[in-house]
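Biologist: I'm new to this one. Could you walk me through the words you use for it?

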Amino acid sequence: MRMSSAVSALALSVLAMVAAPAYCITGNWVEDNEHPYVGLVVFYDANGEFIWRCSGSLISPTKLLTAGHCADTAEGAASARVYFQQDAGAHYDPALGYDPITGYPDFCAAGTLGTLCATSSRIYNYGFANFAGFPNTHDVGVVILDQPIAMPEYGQLPTAGALDGLGTARGQKDTVFTVSGYGLSRASQEHSAVPNLSFRERLMARSTLVNLNSAQNDGYNVQTQGNGNGRGGTCSGDSGGPVYLGEASSNLIVAVTSFGLNALCRGTDFGYRIDRKEILDWINSQQ
């Protein structure tokens with residue numbers, strides 16, 4: 001994946017962790033068949049060359065919500081393709097350089113354009129600038145699809161301030177979130193004999209709230225814990241994927257996977273909150 005070194009490092013530590021520029025669901029995950037509108041997003045540069053992949057959620061037939069660092073036009077993102085198959089890249093063949101079932105990452109397989117796959121030439125981010133201004137990273141992006149994708153349901157946006165009451169609420173550590181994405185399920189040391197584990201499938205896991213108000217959050221991020229006790233977290237490739245408030249059946253997206261603190265995806269995860277009026281107004285204005 002070609003990104004600036006800062007974004008690249010962050011991506012390895014946040015993506016799902018979800019996070020910064022792209023990880024995968026880790027820990028106690030299961031296949032996600034609950035959220036068919038969550039897709040694997042592939043980004044290309046101006047020459048049509050693959051640059052990186054993330055996750056994202058349809059909130060309407062043509063509007064896909066993702067992370068700002070995924071939709072980073074300043075770093076070269078010029079177009080995108082989104083796959084909505086649960087196993088969108090599971091059959092990737094290194095010899096071919098693509099998945100012969102879905103066409104990931106180069107094309108939409110025959111019969112899938114406009115049904116399970118779509119292209120995009122309209123990519124926007126909310127002023128993301130390589131995590132400048134941390135913790136308010138402006139890490140939210142929107143991809144407008146060229147072909148509308150009909151789904152039985154779509155991700156739901158929250159009301160403004162939906163998470164505010166959790167900042168001081170007693171028992172907040174029992175608050176459950178569900179994360180979903182196509183990222184790594186195991187990240188290994190750079191020179192480890194054990195390879196990274198990536199299914200390129202839509203997976204989901206249960207996380208719990210850590211806090212909203214630390215110096216790393218400050219009302220802009222939600223910090224969750226995905227280790228142990230039946231929980232799971234995010235990793236590279238999960239960036240931009242939804243953070244739902246509630247159990248697996250929830251469609252209420254309150255954040256997008258943004259970053260993590262450990263490149264091996266073994267730490268705490270952070271999602272960029274979208275339950276702020278200015279963010280919701282920006283998302284709704286994109287078309």
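**Strand S6 and its sheet**

Modeller: Let's start with S6, which is mostly covered, since 4 of its 5 residues are buried (under 20% relative accessible area with a 1.4 Å probe, protein chains only; exposed is over 50%, partly exposed in between). This is a predicted model, where local features need pLDDT of at least 70 and side-chain atom pairs count only at pLDDT 80 or more, while totals for chains, interfaces and linings use all residues. Residues are numbered from 1 along each chain as its sequence is written, and side-chain values use heavy atoms, leaving out hydrogens and water.

Biologist: How do you know that S3 and S6 pair?

Modeller: Pairing requires that DSSP finds at least two bridges between two strands. Strand S3 (residues 38-44) and strand S6 (residues 79-83) have 5 bridges, so they count as paired, in the antiparallel sense. Val-41 stands opposite Val-82 in S6, and Leu-40 has Tyr-83 as its bridge partner.

Biologist: What makes S6 and S7 a pair?

Modeller: S6 and S7 share 4 bridges, again antiparallel, so the requirement of at least two is met. Here Tyr-83 faces Cys-117 in S7.

Biologist: In which order do the strands of the open sheet run?

Modeller: The 7 strands follow the order S7-S6-S3-S4-S5-S9-S8, with antiparallel pairing.

Biologist: Why are S7 and S8 called edge strands?

Modeller: Because strand S7 (117-120) and strand S8 (122-125) each pair on one side only.
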